[in-house]
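Reader: I should like to learn how to read this structure step by step. May we begin with the ligand and then turn to the strands?

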Amino acid sequence: MYDYRGTTTLVTGASRGIGSACARALARRGSNLVLVARSAPALDRLAGEIRAEHPVNTLVLDADLADPAGPGTVADALRERHVSVDLLVNNAGTGSVGPFFGRPFEQSLRSVDVNVTGLMRMTRLIGADMLERGSGGIINVGSTAAFQPMPYQASYSGTKAFVLYFTEALAQELRGTGVRVMGAHPGATGTGFFDSTTAVMDPRVTDSPESVAERTLDDFARGRAASYPGRALHRWTTWVPRLLPRTAVTRAVAVVNRKAGFHEVQDVMSGPAS
Ligand SMILES: NC(=O)c1ccc[n+]([C@@H]2O[C@H](COP(=O)([O-])OP(=O)(O)OC[C@H]3O[C@@H](n4cnc5c(N)ncnc54)[C@H](OP(=O)(O)O)[C@@H]3O)[C@@H](O)[C@H]2O)c1
């Protein structure tokens, strides 16, 4: 079992949602923390709350991981402070929901910049030190969206398919090096992920960010190669696409997502996309 006590974990996307739940769960387990996201005030607030409750060190680094320079500023700041990261949790993520041609293109591009390029840059920069030391761990937060194409979440499911393949391939490459890589694939989780759009998650099949965070960390501690931290139904939905023809599955997902209104999603603040 991996022992989190006295280790240092860097969590990206720690300002809210699954990332902030992960940070709190790690602090309870005794890990020191490096908290990364763009919202410095939210990170400072979280760090203050954690420090008041747990005897762990917290370092806040605000960075935009969609910016090609963002991950480098994080790595530089760690080096300047002589902070060595034992576990990297690549959790920061964003997604576009709605028809690809009916939503702002910028949102789709940003999901690639954060979920794919930012995650890869963080893995490369922080993972290189781990490899040199011959010890460390990386948890890449993917999604059950990775396991089938998802009409009306086309770019999001595409980015998560990348995370799935990249993570599983890297885990094999690093076998025997002392650096362990695990993919975590939550299903629908009650965070602000769809905030500012009319899209909503069905509360009947939505997990809490706290339970997703705890189960992800439990699975990593147990040495699992992959984590499905949501309810059994979410795990089950990752098996269906492996058994049926992909075209049939994709059509079925289109029906489900249209039923959920994803084909006519609008921004809550600014109205329909032009
Ligand atoms: N919620 C779900 O249903 C669900 C299901 C499966 C997988 N996931 C995955 O779980 C992860 C966390 O999602 P969540 O639901 O917790 O989302 P969330 O509540 O929207 O939080 C996203 C986090 O990512 C950070 N982030 C976004 N863009 C960033 C950027 N450019 N640079 C740095 N940080 C950035 C945000 O911080 P700032 O805005 O402060 O930068 C925030 O802390 C994502 O990878 C998501 O794809 C979520």
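Reader: How do the residues of the shell around the ligand divide into nonpolar, polar and charged?

Author: Please keep in mind throughout that this is a predicted model. The shell around the ligand holds 14 nonpolar, 12 polar and 4 charged residues.

Reader: Which residues come nearest to the ligand?

Author: There are 30 residues around the ligand, and those that come nearest are Ser-15, Arg-38, Ser-39, Tyr-156 and Thr-191. As for helices, α1 (17-28) and α5 (154-173) each supply at least two residues of the shell.

Reader: How should I read the polar contacts of the ligand, and which side chains have an N or O atom beside a ligand oxygen atom?

Author: The idea is to look for pairs of N or O atoms within 3.5 Å. In the side chain of Arg-38, an N or O atom is 2.7 Å from an oxygen atom of the ligand. For the side chain of Ser-39, the distance from such an atom to a ligand oxygen is 2.4 Å. Asp-64 has a side-chain N or O atom 2.8 Å from a nitrogen atom of the ligand. On its own the ligand has 880 Å² of accessible area, and the protein covers 97% of this area.

Reader: Let us turn to the sheet. What is the order of its strands?

Author: Strands of a sheet pair through backbone hydrogen bonds, and the pairing is either parallel or antiparallel. Here, 7 strands form an open sheet with parallel pairing, in the order β3-β2-β1-β4-β5-β6-β7. The edge strands, β3 and β7 (226-227), each pair on one side only.

Reader: How many bridges link each edge strand to its partner?

Author: At one edge, β2 (residues 32-37) and β3 (residues 58-62) pair in the parallel sense over 5 bridges. Within this pair, Leu-33 has Thr-58 in β3 as its bridge partner. Between the two strands the chain passes through helix α2 (residues 40-53), in a β-α-β crossover that is right-handed. At the other edge, β6 (residues 179-184) and β7 pair in the parallel sense over 2 bridges. There, the bridge partner of Gly-183 is Ala-226 in β7.

Reader: Is β5 mostly covered or mostly open?

Author: To read this, one asks whether each residue has under 20% relative accessible area, the cut-off for buried. Strand β5 (residues 136-141) is mostly covered, with 6 of its 6 residues buried. Both faces are covered: on one side lie Gly-136, Ile-138 and Asn-140, and on the other Gly-137, Ile-139 and Val-141.

Reader: How many bridges join β5 to β4 and to β6?

Author: Strand β4 (residues 87-90) runs parallel to β5 and is joined to it by 4 bridges. Leu-87 has Gly-137 in β5 as its bridge partner. Together with helix α4 (residues 105-133), β4 and β5 make a right-handed β-α-β unit. Towards β6, which also runs parallel to β5, there are 6 bridges, and Gly-136 stands opposite Val-179 in β6. The crossover from β5 through α5 to β6 is right-handed.

Reader: Finally, where is the place of Val-249, and is Val-249 buried or exposed?

Author: Val-249 is found in helix α8 (residues 246-259). Its relative accessible area is 7%, under the 20% cut-off, so Val-249 is buried. Val-249 and Tyr-156 are 93 residues apart in sequence, and their C-alpha atoms are 17 Å apart in space. Tyr-156 is one of the residues that come nearest to the ligand.

Definitions and conventions
Residues are numbered from 1 along each chain as its sequence is written. This is a predicted model: local features need pLDDT of at least 70, side-chain atom pairs count only at pLDDT 80 or more; totals for chains, interfaces and linings use all residues. Side-chain values use heavy atoms; hydrogens and water are left out. A residue is near a molecule or strand if one of its heavy atoms lies within 4 Å of it. A polar contact is a pair of N or O atoms within 3.5 Å; within protein, one must be able to donate a hydrogen and the other to accept it, and residues adjacent in sequence count only if both atoms are side-chain atoms. Accessible areas come from the Shrake-Rupley method with a 1.4 Å probe; for residues, only the protein chains shown count as cover. Ala, Val, Leu, Ile, Met, Phe, Trp, Tyr, Cys and Pro count as nonpolar, Asp, Glu, Lys and Arg as charged, and the others, Gly among them, as polar. Two strands pair if DSSP finds at least two bridges between them. A crossover is right-handed if, with the strands pointing away from the viewer, the path from the first strand over the helix to the second runs clockwise. Buried means under 20% relative accessible area, exposed over 50%, partly exposed in between (1.4 Å probe, protein chains only).
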